[in-house]
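Colleague: I have some questions about how the terms are used here. Please set each value against its cut-off.

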Amino acid sequence: MNTPTLGIIGGGQLGSLLADAAKKIDIQTVILSDDPDAPGKHFATKFIFGQYDDDTTINNFINAVDLVTYEFENIPFAILKKINEKKQVLPKPEINRLIQNRETEKKFLNDNNITTTKYVTVKNEKDLSENVDLLPGLLKTTTLGYDGKGQYKLHTEDDITNEIDFTKEYILEKLINLKKEISVVITRYDQNSYEIYDPIENVHEEQILKYSTIPSDISDSIRIKSIEWAKHVVEKLDYIGTLCVEFFIDTDDNLYANEIAPRVHNSGHLTMNSHNISQFENHIRAVCGLEKIETKKLYNAKMINLIGDEITPYRNKIFKDNEFFYDYLKTEIKQKRKMGHLTIIEK
Ligand code: ADP
Ligand code: MG
C-alpha cells in the first residue's frame with residue numbers, strides 16, 4: 001500500500017514534532033502555516049505559507065495532500081469543512097468546532113456526566129455582576145485562549161474593572177483549590193480501539209505548563225476515573241487520533257475535567273522518550289489508518305518546558321545520555337513563548 005501524504009495545518013512546535021514523527025515512519029508531510037518563518041518549515045517534507053482564508057493557498061494545500069490533520073484548535077470551522085469536502089480532515093471538523101468553544105466544550109462534558117468546575121456564561125457586565133457568588137473565579141474568553149491568555153483572575157467584586165473587554169464572550173469559572181493537575185493522553189484508532197498513556201502530572205507557572213512527570217502521584221481511584229473519562233470522551237466524539245484531557249484534582253481529592261485538546265498536547269512530549277510509541281506517532285498512525293502498535297512505557301520521565309530566554313543556555317549545553325533537548329527553532333525569543341523542552345528519563 002502506498003502511504004498517504006499527510007497535510008498538517010499549523011507549523012508551531014506541535015506541527016513540527018508531528019512532521020518529525022511522520023518522517024520516522026516514512027510518511028510525507030505538508031505543513032500549512034500563516035507564518036513564513038514557522039518552525040514547521042524545518043521539519044515538514046513540504047511547507048506552504050499562506051493565509052488560512054485564502055482560496056488559492058487552501059487549494060494548493062488540498063492538492064498536495066491525501067488527508068489533513070491540525071496542530072491547534074483555533075481554525076475556523078468553515079475552513080476545515082471546506083477542506084474536508086475534498087480531502088478527509090481528522091479529527092472531524094465538527095469535533096474541533098465543539099471543543100474550540102469553552103462553553104460547548106464544558107456542556108459536552110457535563111452532558112456526558114463528566115464533572116467540570118462550576119461555571120456560567122458571561123456575555124456582558126450584568127451577567128458577571130449577577131454571578132459574583134462564583135468568585136473567586138477565572139473569567140476566560142470562550143474562544144481563542146491558550147497558555148492562560150484571555151483570562152482574568154477575579155478575587156472579589158472589586159476586581160470587575162473596565163479593563164475587561166466586553167466585546168468578547170466569556171465563561172466565569174469558580175477557582176478550584178488545586179492540589180494537583182494531571183492529563184490523560186489517549187489515541188483512538190477505531191471503536192473501542194485505543195492506546196492510552198497513564199496520567200501525566202503537570203505543574204503550571206503563570207498558567208503556562210512548566211513541568212510534566214510520569215508516573216503521577218495520584219490515588220488508584222483518581223487514576224482509574226481519569227482514564228475512564230478520557231475513554232468516554234473519545235468514544236462519545238467518535239474521535240480518531242490523539243487527544244488530551246486536562247484534569248484538576250482539588251484539596252478534597254475531587255476530580256474535574258478542565259479542558260479537552262483535540263490534538264497532541266504539550267504534556268505528552270515526554271512520550272517521545274519514555275515510550276516505544278510517542279503521542280505524535282500514535283496520532284499519525286491513527287489518522288493515516290496504519291497499524292496500531294501496543295504502546296508501552298520504557299522509562300519514567302520528566303519534561304521541562306523552556307520558556308522565553310530559558311532556552312539560551314541549553315543551546316550550547318552538552319547533555320547526558322538520559323537527557324533529550326528539543327529546540328523548536330523559533331526565530332525570535334519572546335517572553336512566555338514556549339521555545340523548546342528538555343526531557344529527562346530515569347534509566
Ligand atoms: P488554557 O486554555 O489557557 O490552557 P486553562 O483553562 O487550561 O486555559 O487554564 C490554564 C491554567 O490555569 C490551568 O492549567 C490551571 O493551572 C489554571 N486554572 C484554570 N482554571 C482554573 C480554575 N477554575 N481553578 C484553579 N486553577 C485554574
Ligand atoms: Mg489548559
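**Ligand sites**

Modeller: Around ligand 1 there are 21 residues, and K140, G148, I176, E181 and N258 come nearest. This is a predicted model: local features need pLDDT of at least 70, side-chain atom pairs count only at pLDDT 80 or more, and totals for chains, interfaces and linings use all residues. Side-chain values use heavy atoms, with hydrogens and water left out.

Colleague: What makes a residue near a molecule?

Modeller: One of its heavy atoms lies within 4 Å of it.

Colleague: What makes the N258 pair with ligand 1 a polar contact?

Modeller: A polar contact with a ligand is a pair of N or O atoms within 3.5 Å. A polar side-chain atom of N258 is 2.8 Å from an oxygen atom of ligand 1, so the pair qualifies. The side chain of H204 has an N or O atom 3.2 Å from a ligand 1 oxygen.

Colleague: How do you know that ligand 1 lies between two domains?

Modeller: Domain 2 (118-174) and domain 3 (178-346) both give residues to its shell, so ligand 1 lies between them. The bounds come from an automatic or database domain assignment.

Colleague: Which residues coordinate the magnesium ion (ligand 2)?

Modeller: E246 (OE) and E259 (OE), at 2.0 to 2.4 Å. Donors are N, O and S atoms within 2.8 Å of the metal (3.2 Å for Na, K and Ca); water is not among the atoms, so sites may look incomplete.

Colleague: Why is E246 called buried?

Modeller: Its relative accessible area is 14%. Buried means under 20%, exposed over 50%, partly exposed in between (1.4 Å probe, protein chains only). So E246 is buried.

Colleague: And why does E259 count as partly exposed?

Modeller: E259 has 22% relative accessibility, so it falls in the in-between class.

Terms used: Residues are numbered from 1 along each chain as its sequence is written. Chains are lettered from A and ligands numbered from 1 in the order in which they are written. A polar contact is a pair of N or O atoms within 3.5 Å; within protein, one must be able to donate a hydrogen and the other to accept it, and residues adjacent in sequence count only if both atoms are side-chain atoms.
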